[in-house]
Amino acid sequence: MRVNCVGAIIFDASGRLLLVQRGHPPGEGLWSVPGGRLEPGESDEAGVRREVLEETGLRVEVGRLAGTVDRPGPGGVTYVIRDYLATVTAGTPAAGDDAADVGWFGRAELERLPLSEGLLAALTEWDVLPGWP
């Protein structure tokens, strides 16, 4: 079974990436971009806005699609994840919903964090990390 999911790639004015620490499986304890499953009939844009608000308390404007990845899940599920660039329009980051923590991270910090599998490679491949080699 394929499950449609969305994620948001959000940077602050200093070029740091917004990440959430997953509070529940799959990926509990790992850091990733905010996002999750689409609800029935929900558009990608609406799903990105909802997921970011639920997990971080931030309101965003959704930009272009950065890339898509397939990730295996429990019981033979495949998560089809479409990650979009997004810009904060309002709010202060605070962990909510299934996020255990939230924070802004630069490149050196990303390389030390326990990240969701393939996250840094995908962001690098999609060439969305500003000014990062």
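This passage walks through a predicted model, beginning with its largest pocket and moving on to some individual residues.

The largest pocket is a good place to start. About 730 Å³ of space lies inside it. Its lining is made up of 33 residues, and those nearest the centre are Arg22, Pro26, Tyr79, Ile81 and Ser116. Several elements each give two or more residues to this lining, namely the strands β1 (2-10), β4, β5 (59-72) and β6 (78-90), together with the helices α1 and α3 (119-125). In chemical character, the lining residues divide into 15 nonpolar, nine polar and nine charged.

Strand β3 is the next stop, and Ser32 is found there. With a relative accessibility of 10%, Ser32 falls under the 20% limit and therefore counts as buried. The side chain of Ser32 is joined to that of Ser116 by a polar contact of 3.5 Å. Ser116 has already appeared above, as one of the residues nearest the centre of the largest pocket. When neighbours within four places in sequence are left aside, the contacts of Ser32 are Leu18, Leu19, Val20, Arg22, Ser116 and Leu119. Arg22, too, is among the residues nearest the centre of the pocket.

Strand β3 also takes part in an aromatic pair, and the structure holds one such pair. Its members are Trp31 and Phe105, arranged edge-to-face, with 5.0 Å from centre to centre and 70° between the planes. The angle of 70° is over 60°, so the pair is classed as edge-to-face. Trp31 belongs to strand β3 (residues 31-32) and Phe105 to strand β7 (residues 99-105), so the pair links distant parts of the chain, 74 residues apart. Both Trp31 and Phe105 are buried.

Attention now turns to two charged residues, Glu42 and Arg49. Glu42 sits in the loop between β4 (35-37) and α1 (44-56). Where does the side chain of Glu42 reach at 2.8 Å? It reaches the backbone nitrogen of Glu39. A polar contact, also listed at 2.8 Å, connects the side chain of Glu42 with the side chain of Arg50. Beyond its neighbours within four places in sequence, Glu42 is in contact with Arg37, Gly47 and Arg50. Is Glu42 buried or exposed? Its relative accessible area is 17%, which is under 20%, so Glu42 is buried.

Arg49 has its place in helix α1. Its relative accessible area of 35% lies between the limits of 20% and 50%, which means that Arg49 is partly exposed. The side chain of Arg49 makes a polar contact of 2.8 Å with the side chain of Glu45. Not counting residues up to four places away in sequence, Arg49 touches Val60 and Val62. Arg49 can also be placed relative to Gly7: the two are 42 residues apart along the chain, and their C-alpha atoms are separated by 9.4 Å.

Two loop residues, Phe11 and Pro93, help to fill in the picture. Phe11 is located in the loop between β1 and β2 (17-22). What does Phe11 contact, leaving aside its neighbours within four places in sequence? The list consists of Arg16, Leu17, Ala86, Trp104, Val128, Leu129 and Pro130. Phe11 and Leu119 are separated by 108 residues in sequence and by 15 Å in space, taken from C-alpha to C-alpha.

Pro93 is found in the loop between β6 and β7. At 32% relative accessibility, a value between 20% and 50%, Pro93 therefore counts as partly exposed. Residues up to four places away in sequence aside, Pro93 touches Thr56, Leu58, Val102 and Trp104. Trp104 is likewise one of the contacts of Phe11. Pro93 and Leu119 are 26 residues apart in sequence, with 21 Å between their C-alpha atoms.

The last residue to visit is Asp127, which lies in the segment after α3. Phi of Asp127 is near 55°, a positive value in a residue other than glycine. Most residues other than glycine have a negative phi. The relative accessible area of Asp127 is 64%, which is over 50%, so Asp127 is exposed.

Notes. Residues numbered from 1 in each chain as written. Predicted model: local features only at pLDDT ≥ 70, side-chain atom pairs only at ≥ 80, totals over all residues. Heavy atoms only, no water. Helix = DSSP H or I, 4+ residues; strand = E, 2+ residues; numbered from the N terminus. Buried < 20%, exposed > 50% of the residue type's maximum accessible area, 1.4 Å probe, protein only. Polar contact = N/O pair within 3.5 Å; in protein donor to acceptor, adjacent residues only side chain to side chain. Contact = heavy atoms within 4.5 Å. 1 Å grid on protein atoms, 1.4 Å probe; cavity = no way out; pocket = protein on both sides within 12 Å on 5 of 7 lines; lining within 4 Å. Points joined across faces, edges and corners; volume = space filled by probe spheres on them. Nonpolar A, V, L, I, M, F, W, Y, C, P; charged D, E, K, R; others polar. Phe/Tyr/Trp six-rings, centres within 6.5 Å; stacked < 30°, edge-to-face > 60°.
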